[in-house]
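Visitor: I'd like to learn how to read a few features of a fold. Could you walk me through them?

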Amino acid sequence: MTRNTNRYSDHDVEHYDRPRRRTRPRTKERPTYDEAVDGLVVTVDRGRFTVIVDGREIWAVKARPLGRKGVVVGDRVRVVGDTSGAVGSLARIVEVQPRSTVLRRTADDDDPVERVIVANASQLVVVVALADPEPRHGLIDRALVAAYDAGMAPLLCLTKADLADPETLLSTYRSLGVPWVVTQRGGGAERNDLGVDGLDELRGRLNGKVSVLLGHSGVGKSTLVNALVPDAGREVGLVNAVTGRGRHTSTSALLLPLPGESGWIIDTPGIRSFGLAHVEPEHLIEAFPDLDEMTEDCPRGCTHGTDEPECGLDVAIANGEADPDRVESFRRLLAARSEPLY
């Protein structure tokens with residue numbers, strides 16, 4: 001039997017290979033985007049970014065070559081396309097500039113996935129109501145840990161001082177050396193009065209900085225933002241009389257310029273959880289140089305916690321070289337990494 005070796009002719013459709021998905025030859029050359037302009041991300045909404053370019057707001061999407069690289073409020077970016085800001089116009093973010101700081105959290109203490117909240121902020125303002133709702137030390141401690149881990153300067157902003165004495169709370173944090181400002185509602189105790197006393201000192205602390213306002217719902221963040229930036233128009237909510245917790249009014253982070261171009265503030269949604277699984281003890285203590293140098297002779301793997309044997313902090317206390325209150329405050333922050341928020 002003779003085998004037919006000429007089954008396929010040069011013109012037979014079965015002779016050809018199937019078309020490949022990618023027929024364009026690969027190249028290592030990438031677009032240079034020489035025409036890209038600089039911008040600043042001020043808010044993010046479902047994959048759309050509001051960016052300030054040359055003093056005007058434009059709308060943009062993330063370019064595909066960025067892949068899964070996140071773009072967050074505070075990012076300095078480069079943008080191509082229609083940057084006119086006209087209705088219906090849309091540009092593309094093609095590059096995210098290196099970040100100076102990154103404020104991040106995890107969903108909870110067992111979540112390995114870090115979520116970046118904002119970028120390039122220099123100061124974290126922890127907004128705490130002295131009453132209505134009652135202050136929760138868990139959030140304050142965790143926020144301070146996040147600030148130190150990110151290399152940001154912390155600031156305590158105590159609101160509603162017309163309802164409670166701030167000294168009770170300040171005594172807990174004074175040994176850490178955290179600066180603070182105190183505000184209260186002006187014009188009496190009217191709950192819907194947006195007048196705020198103590199703003200001048202707060203403005204002085206915000207001047208020339210990019211500051212993130214962080215706190216529970218109902219502590220007065222939006223009230224402060226509306227007082228600092230009169231045309232911000234942030235919605236103000238009340239505290240639930242039954243649960244003692246505030247209602248979410250801000251739904252997304254928003255970066256706003258302070259009047260007179262003296263700085264920026266970032267209003268963030270009220271938070272219910274703030275995981276710190278990404279923070280390492282050795283990184284946290286670096287924010288306290290005076291304590292860090294006392295741990296040079298600690299055993300390998302020492303976390304510098306209360307139960308650690310032969311910790312250098314305990315030796316320093318015994319030798320009178322360390323302030324016991326300051327060490328205790330540091331260890332409270334260290335413990336806040338794993339303790340419940342509430």
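**Rings, cores and buried side chains**

Guide: Sure, starting with two of the aromatic residues: Phe 288 is buried, and so is Phe 330 (buried means under 20% relative accessible area, exposed over 50%, partly exposed in between, with a 1.4 Å probe and protein chains only). Keep in mind that this is a predicted model, where local features need pLDDT of at least 70, side-chain atom pairs count only at pLDDT 80 or more, and totals for chains, interfaces and linings use all residues. Residues are numbered from 1 along each chain as its sequence is written, and side-chain values use heavy atoms, with hydrogens and water left out.

Visitor: How many aromatic pairs does the structure hold?

Guide: In general, a pair of aromatic rings is described by the distance of the centres and the angle of the planes. Here there are two aromatic pairs (rings of Phe, Tyr and Trp, the last by its six-membered ring, with centres within 6.5 Å; planes under 30 degrees apart are stacked, over 60 edge-to-face, the rest tilted). Phe 288 and Phe 330 make an edge-to-face pair, with 5.5 Å centre to centre and 70 degrees between the planes. This pair links distant parts of the chain, 42 residues apart: Phe 288 is in the loop between helix H5 (281-285) and helix H6 (289-292), while Phe 330 is in helix H8 (residues 324-336). Helices (H or I, at least four residues) and strands (E, at least two) are DSSP runs, numbered from the N terminus. Tyr 148 joins Phe 288 and Phe 330 in one aromatic cluster.

Visitor: Which residues touch the most other members of the largest nonpolar core?

Guide: The general idea is that in soluble globular proteins, nonpolar side chains tend to be buried together. In this model, the largest nonpolar core (buried Ala, Val, Leu, Ile, Met, Phe, Trp, Tyr and Cys joined through side-chain atoms within 4.5 Å) has 53 residues, and Leu 124, Leu 144, Val 212, Ile 266, Leu 291 and Phe 330 touch the most other members. Helix H1 (residues 137-150) gives the most to this core, nine residues. Another core, of 22 residues, lies apart from it and includes Val 125 and Leu 256.

Visitor: Why does Ser 211 count as buried?

Guide: Because its relative accessibility is 0%. Ser 211 belongs to strand E13 (residues 210-214). Leaving aside neighbours within four places in sequence, Ser 211 is in contact (heavy atoms within 4.5 Å) with residues including Gln 123, Trp 264 and Ile 266.
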